[in-house]
Amino acid sequence: MSRKPHIVLITSDQQRGDALGCEGHPVVRTPHLDLLAHEGTRLSRCYSECPICIPARTSMVTGLYAHRYGKPSFSPEFRINRAREDFLAARLVAAGYQTHLVGKTHWHTDPTFRGGFEGWDKWERL
């Protein structure tokens, strides 16, 4: 029986792609992210669907462009025209993975939206 690889998706907030020690930034120190970049998979040529963090993260978990589920801004208007089974976490569950979200999501203004994750340890401190 083959084992599935573990998948850990980490997002940082309000950080440019070159603001990492592993990118050679002369001032910014990011030892933990640098270690993850060195030992894991680092995607260095990625582009965000939306330049605003909340709609961009919502797009990542729903697979929809920001203009398709509401507005490409921090907005209470939120309409999903996609089956929840098509969300990233739900597809991982269907593939046999256990999914769990840790931290603040900052996906959109509905605090109960879980994006298809089975578990959620919410962190609202920051």
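**Salt bridges, helix α2 and two pockets**

Let me begin with the charged pairs: the count of salt bridges in this structure comes to 3, and I should say at once that what we are looking at is a predicted model. As general background, side chains of opposite charge can pair when their charged atoms come close.

The pair I will take to start with joins arginine 16 to aspartate 18, where the closest N and O atoms are 2.7 Å apart. Arginine 16 has a relative accessibility of 60% and so counts as exposed, while aspartate 18, with a relative accessible area of 34%, is partly exposed.

Another pair is formed by the side chains of glutamate 23 and arginine 42, which meet in a salt bridge at 2.0 Å from N to O. This pair links distant parts of the chain, since glutamate 23 sits in the segment before α1, the helix of residues 31-39, and arginine 42 sits in the loop between α1 and α2, 19 residues apart. Glutamate 23 counts as partly exposed because its relative accessibility is 37%, and arginine 42 is likewise partly exposed, its relative accessible area being 33%.

The remaining pair brings together the side chains of aspartate 86 and arginine 91, with 3.0 Å between N and O. At 28% relative accessibility, aspartate 86 counts as partly exposed.

Arginine 42 comes up again when we turn to aspartate 34, a residue placed in helix α1. Which side chain of opposite charge is nearest to aspartate 34, and how far away is it? It is arginine 42, at a distance of 7.1 Å, and aspartate 34 is therefore without a salt bridge, although it is buried, given that a bridge requires the side-chain nitrogen to be within 4 Å of the carboxyl oxygen. If we leave out residues up to four places away in sequence, aspartate 34 touches Leu20, Gly21 and Cys22.

Now to helix α2, which spans residues 53-62 and is mostly covered, with 8 of its 10 residues buried. Those buried residues are Ile54, Pro55, Ala56, Arg57, Thr58, Ser59, Val61 and Thr62, and what covers them includes α3, at residues 66-69, and α4, at residues 88-94. Valine 61, to take one of them, belongs to helix α2, and its relative accessibility of 5% is why it counts as buried. Measuring nothing by experiment here, but going by the model's coordinates, valine 61 and aspartate 86 are 25 residues apart in sequence and 9.2 Å apart in space, from C-alpha to C-alpha. Just after α2, glycine 63 takes a positive phi of about 80 degrees.

Helix α2 also leads us to the pockets. In general terms, rolling a probe the size of a water molecule over the atoms shows where empty space is left. The largest pocket in this model has a volume of about 1500 Å³, and 36 residues line it, of which Ile10, Thr11, Ser12, Leu43 and Cys46 lie nearest its centre. Both α1 and α2 supply at least two residues of that lining, and the largest share, 5 residues, comes from α2. By class, the lining of the largest pocket is made up of 19 nonpolar, 11 polar and 6 charged residues.

The second largest pocket holds about 920 Å³ of space. Of the 31 residues that line the second largest pocket, those closest to its centre are Leu9, Ile10, His100, Leu101 and Val102. Two or more residues of this lining are given by each of α2, α4 and β1, the strand at residues 100-102, and the lining divides into 17 nonpolar, 9 polar and 5 charged residues. Ile10, then, is listed among the residues nearest the centre of the largest pocket and also among those closest to the centre of the second largest.

To finish, I would like to look at the loop between α4 and β1, where threonine 99 lies. Is threonine 99 buried or exposed? It counts as buried, because its relative accessibility is 8%, which falls under the 20% cut-off. Leaving aside residues up to four places away in sequence, threonine 99 touches Ala89, Leu92, Val93, Gly116, Phe117, Glu118 and Gly119.

Conventions
Residues numbered from 1 in each chain as written. Predicted model: local features only at pLDDT ≥ 70, side-chain atom pairs only at ≥ 80, totals over all residues. Heavy atoms only, no water. Buried < 20%, exposed > 50% of the residue type's maximum accessible area, 1.4 Å probe, protein only. Helix = DSSP H or I, 4+ residues; strand = E, 2+ residues; numbered from the N terminus. Contact = heavy atoms within 4.5 Å. 1 Å grid on protein atoms, 1.4 Å probe; cavity = no way out; pocket = protein on both sides within 12 Å on 5 of 7 lines; lining within 4 Å. Points joined across faces, edges and corners; volume = space filled by probe spheres on them. Nonpolar A, V, L, I, M, F, W, Y, C, P; charged D, E, K, R; others polar. Lys, Arg positive; Asp, Glu negative; His and termini not counted.
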